[in-house]
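The report below takes up a metal site, an overall fold, a nonpolar core and some points of backbone geometry in turn. Please read it alongside the sequence and the coordinates.

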Amino acid sequence: MCLNFAVLRIKVMSKVLDVVQCKCPNCGKGKVFSGQGNIFLFKMPKMNERCSECNFKFEKETGFFFGAMFVSYALAVAQMIACFVLFWYFVDLSPMRVFSIIAIITILLSTFNFRVSRSIWIHLFYKV
Ligand SMILES: [Zn+2]
């Protein structure tokens, strides 16, 4: 019983790592994105059509990633709230500075959110 729980926990952590590292949900080896993207160069992350290891198709149908927008929105709001709590309550900055920091962090994390939200979306609908 205890061993099963430990194995389950390792599997869940492995899955979370696969999602954050944008790995293929089918094999866990291939990468979903070929390019990381760079917000300073206005370059969006480049997504692979299929997994390089197992040929798994990432976009199930046209418009499949429409729902990833909502995941991206949730991630951005969570990051904004975390920044607000950190800089408003713990660092005690002025409202304008807190707003500026939140705006900057949101822009800086936009490509990360783009990649992770699509990865979450792919993993959510794997084997469904
Ligand atoms: Zn794969």
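## Zinc site

Along the sequence, the residues that donate to the zinc ion follow the spacing C-x2-C-x23-C-x2-C. Cys27 belongs to the loop between helix H1 (2–20) and strand E1 (33–35), while Cys51 belongs to the loop between strand E2 (46–47) and helix H2 (68–90), so this pair ties together parts that are 24 residues apart in sequence. The model is a predicted one, and the geometry described here should be read with that in mind.

The protein donors are the SG atoms of Cys24, Cys27, Cys51 and Cys54, which lie 2.2 to 2.3 Å from the zinc ion. The angles among the four donor atoms run from 107 to 114 degrees, and the site is tetrahedral. With regard to solvent, Cys27 counts as partly exposed at 28% relative accessibility, whereas Cys51, with a relative accessible area of 3%, is buried.

## Overall fold

The protein contains four helices and two strands, and these are arranged along the sequence in the pattern α-β-β-α-α-α. Its radius of gyration is 17 Å, well over the 14 Å that the globule rule gives for 128 residues, so the protein is more spread out than a compact globule. Taken along the principal axes, the box filled by the C-alpha atoms is roughly 50 × 45 × 20 Å.

Of the 128 residues, 27% count as buried. When contacts are restricted to residues at least 6 apart in sequence, 58% of them join residues at least 24 apart.

## Annotated transmembrane regions

An unreviewed UniProt entry lists residues 64–90 and 96–114 under "transmembrane region". In the model, the span 64–90 is 85% helix and 0% strand, and its end C-alpha atoms lie 40 Å apart. The span 96–114, for its part, is 95% helix and 0% strand, with a distance of 27 Å between its end C-alpha atoms.

## Nonpolar core

The largest nonpolar core has 14 residues, of which Val32, Phe56, Phe58, Phe65, Trp121 and Ile122 touch the most other members. Helix H2 and helix H4 (110–124) each supply at least two residues of this core.

Ile122 illustrates how positions from separate parts of the sequence come into contact: leaving aside residues up to four places away in sequence, Ile122 touches Pro25, Val32, Met47, Phe56, Phe58, Phe64 and Phe65. Among these partners, Val32, Phe56, Phe58 and Phe65 are also named with Ile122 as the core residues that touch the most other members.

## Positive phi angles

Most residues other than glycine have a negative phi. Cys22, which is not a glycine, nevertheless has a positive phi near 55 degrees, and Phe42, likewise not a glycine, has a positive phi of about 55 degrees.

Where do these two residues lie, and are they buried or exposed? Cys22 is placed in the loop between H1 and E1, and at 4% relative accessibility Cys22 counts as buried. Phe42 is found in the loop between E1 and E2, where Phe42 is exposed, with a relative accessible area of 76%. The loop between H1 and E1 thus holds both Cys22 and the zinc donor Cys27.

Conventions. Residues are numbered from 1 along each chain as its sequence is written. This is a predicted model: local features need pLDDT of at least 70, side-chain atom pairs count only at pLDDT 80 or more; totals for chains, interfaces and linings use all residues. Side-chain values use heavy atoms; hydrogens and water are left out. Donors are N, O and S atoms within 2.8 Å of the metal (3.2 Å for Na, K and Ca); water is not among the atoms, so sites may look incomplete. Four donors count as tetrahedral if all angles lie between 85 and 135 degrees; four count as square planar and six as octahedral if opposite donors are over 155 degrees apart and all others between 65 and 115; anything else is irregular. Buried means under 20% relative accessible area, exposed over 50%, partly exposed in between (1.4 Å probe, protein chains only). UniProt positions are given in the numbering used here, feature names are shortened, and annotations may be inferred rather than shown by experiment. A nonpolar core is a set of buried Ala, Val, Leu, Ile, Met, Phe, Trp, Tyr and Cys residues joined through side-chain atoms within 4.5 Å. Contact means heavy atoms within 4.5 Å. The radius of gyration is taken over C-alpha atoms; the globule rule is 2.2 Å times the number of residues to the power 0.38.
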